[in-house]
Amino acid sequence: METLYNFLFIALPYVALTVFLIGTIYRYKGTKFKFSSLSSQFLEGRKLFWGSVPFHYGIIFLFFGHLIAFLIPGTVIAWNSEPLRLVILEVTGFVFGLSALVGMVSLFFRRTTDARIKVVTSKMDLIIELLIIAQIILGLWIAYGFRWGSSWFASVLSPYLWSIFYLNPNIEAVSNMPLVIQLHISLAFFIVLLIPFTRLVHLLVPPLHYLWRPYQRVIWYWDRKKVRNPKSPWSVTKSQNN
Amino acid sequence: MIYRQNFNKTHQYSFRYFILFIIFTTISTFPQDNGEKIFLSVCRACHTIGQGRLVGPDLANIQNRLEEGWIIKFVKSSQKMIKSGDPLAVKTFNEYNKIIMPDQALTDAQIISVINYIKEKSPTETTSKEVKTPAFTLKNSLGFNLDEAGRDEYKLGWQYFTGEKRFENSGPPCLSCHNVVKDNLISGGLLSKDLTNAFSRLNAAGINAIISNPPFPIMRTAFENKQLTKDERYYLLAFLKQADYDSIYQHPVNYDKRFIYSGIIGLIFLLGFFGLVWYGRKKVSVKQDIFKRQLKSK
């Protein structure tokens, strides 16, 4: 058991972080144009909205929630010192967790049932989506069954994660955590390990400049009504772009 | 081309060896420690050497009473032994109010070093008489003992428990991991034991020993370099004592259902919000019109 814990909470994190670092740099240098989410919005948009938006907003909230509790645990504990604030934070986290789950499950069904999306789906896409679904379910289970996660994460798991980065891993607490929490931690590192081999690399290149980029005007210079009329054959006015 | 293939292969092998190296070096890293240090940081909260029983039994001359192999197995996982029906493990568990001794991630060598330390510190004369534990006294800075604690002390203990009043050395509030059934107090954490009747189970000396020097690995990590002061321990004990006394008059609430319902209602609002914000979105793929046109013009 001790060897297993050493593997899961010491070896796996270091392997995952090393592979993540080397792998993402290697892939960026090698296949820069594939360093994206490989969007399939052109192929299907309706189901994508109800998958992508709830998932992304959910996972971004949860990611930063975990990150803040890791980086500034004292602040999270101070925030939670008022019971009402603690409940608000936990319930909000749970709502965004459910949102991420609903989003990812619908993205998975879209990917496995839509004929056009199936063509551009690799095995790794399905594996990573299933792993993320499992990870979110574990997270929700922890939030429900072992509340108040935000407080004990800050006081127990944050020191463990810091010990990894200080190269002096202290796994005493995580070795004694309930199994579901241990699985959640291990799976998180496993997903980090897989990032360079999946389209998850897009989380490293978010198009943040879109937030302050000016609007782009698209000006058509042909008769749009005529072009859009299904009765007019292609040969009359050939499409200039698309 | 051949050179390049060989080069890539060499790189792949180096990478694999590098990963294997990391795995083996990290797996084989074990913390080293000596008996005294381990005893003081792990065992002392619940056990004494020759000063009577505390939360757990007095360990004086334990090497004469129990086999080394049995002690090692019990320290590593007492619950496993109890579940397997070991008569001595079950007897000890029942005798000490069924308080679970946490599994200790110690190596055989480390446990033997602790046994040697106990042997060294144990009184040389072995008597069959059990040493009586000295009466527990804990006074706050104003000189009051626990029996003199009143409403104000209880209130302060409540605040320390919930975190409304922060511990001087920045330790996390107890509510993060522990629950106490009390009207007007929100549900506590479910990671660790419910403390509603902790005072009856562990008595003041036991609780004081645990919060002074936590024997449980999770609690030990949370309070590393964040020791509670004497006053803080006093007020927490006053709170737990009163909470235990009042427990039969409380009305437990099912927070689980409330949590789930709040989550589902919140999710519905959130999805509705997304739908409203992006109401004017292009609902089909950008090429849908072109795709349809192509089909019709065939």
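**Group meeting: a walk through chains A and B**

Let me begin with chain A, where A:Ile60, A:Phe63, A:Phe64, A:Ile68, A:Leu71 and A:Ile72 together make a nonpolar surface patch of about 570 Å². Please keep in mind throughout that what we are looking at is a predicted model. One member of that patch, A:Ile72, sits in the loop that runs between helix H2, residues 46-71, and helix H3, residues 73-80, of chain A. Is A:Ile72 buried, exposed or partly exposed? Its relative accessibility is 43%, and because partly exposed covers the range between under 20% for buried and over 50% for exposed, A:Ile72 counts as partly exposed.

Staying with chain A, A:Asp223 is found in another loop, the one between helix H9 (179-194) and helix H10 (224-228). With a relative accessible area of 46%, A:Asp223 is partly exposed as well. If you look for A:Ile128, which is 95 residues from A:Asp223 along the chain, you will find that the C-alpha atoms of these two residues are separated by 45 Å.

Now let us turn to chain B, which has 13 helices and zero strands, so that, in the sense of the helix and strand assignment, its pattern along the sequence is one α after another. Of its 298 residues, 42% count as buried, and the accessible surface of chain B comes to about 17900 Å², with 57% of that belonging to carbon and sulfur atoms. When we take the contacts in chain B between residues at least 6 apart in sequence, 65% of them join residues at least 24 apart.

Chain B is divided into domain 1 (2-121), domain 2 (146-249) and domain 3 (262-297). The contact draws 14 residues from domain 1 and twelve residues from domain 2 of chain B. The size of an interface is often given as the accessible area lost when the parts come together. Between domain 1 and domain 2 of chain B, the buried area is about 1000 Å², and carbon and sulfur atoms give 62% of it. How many salt bridges are counted between these two domains? The count is zero.

I will finish with one residue of chain B, B:Arg220, which lies in helix H10, residues 217-222. Its relative accessibility is 12%, and because buried means under 20%, B:Arg220 counts as buried. Once we leave aside its neighbours within four places in sequence, B:Arg220 is in contact with B:Ser41, B:Val42, B:Gln104, B:Pro214 and B:Pro215, and also with A:Glu172.

Methods. Residues numbered from 1 in each chain as written. Chains lettered and ligands numbered in written order. Predicted model: local features only at pLDDT ≥ 70, side-chain atom pairs only at ≥ 80, totals over all residues. Heavy atoms only, no water. Patch = residues over 30% accessible without salt bridge, like charges linked within 9 Å, V, L, I, M, F, W, Y side chains within 5 Å. Areas by Shrake-Rupley, 256 points an atom, 1.4 Å probe, with all protein chains shown as cover. Salt bridge = Lys/Arg side-chain N within 4 Å of Asp/Glu carboxyl O. Helix = DSSP H or I, 4+ residues; strand = E, 2+ residues; numbered from the N terminus. Buried < 20%, exposed > 50% of the residue type's maximum accessible area, 1.4 Å probe, protein only. Domains from an automatic or database assignment. Contact = heavy atoms within 4.5 Å. Buried area = accessible area lost by both parts, 1.4 Å probe.
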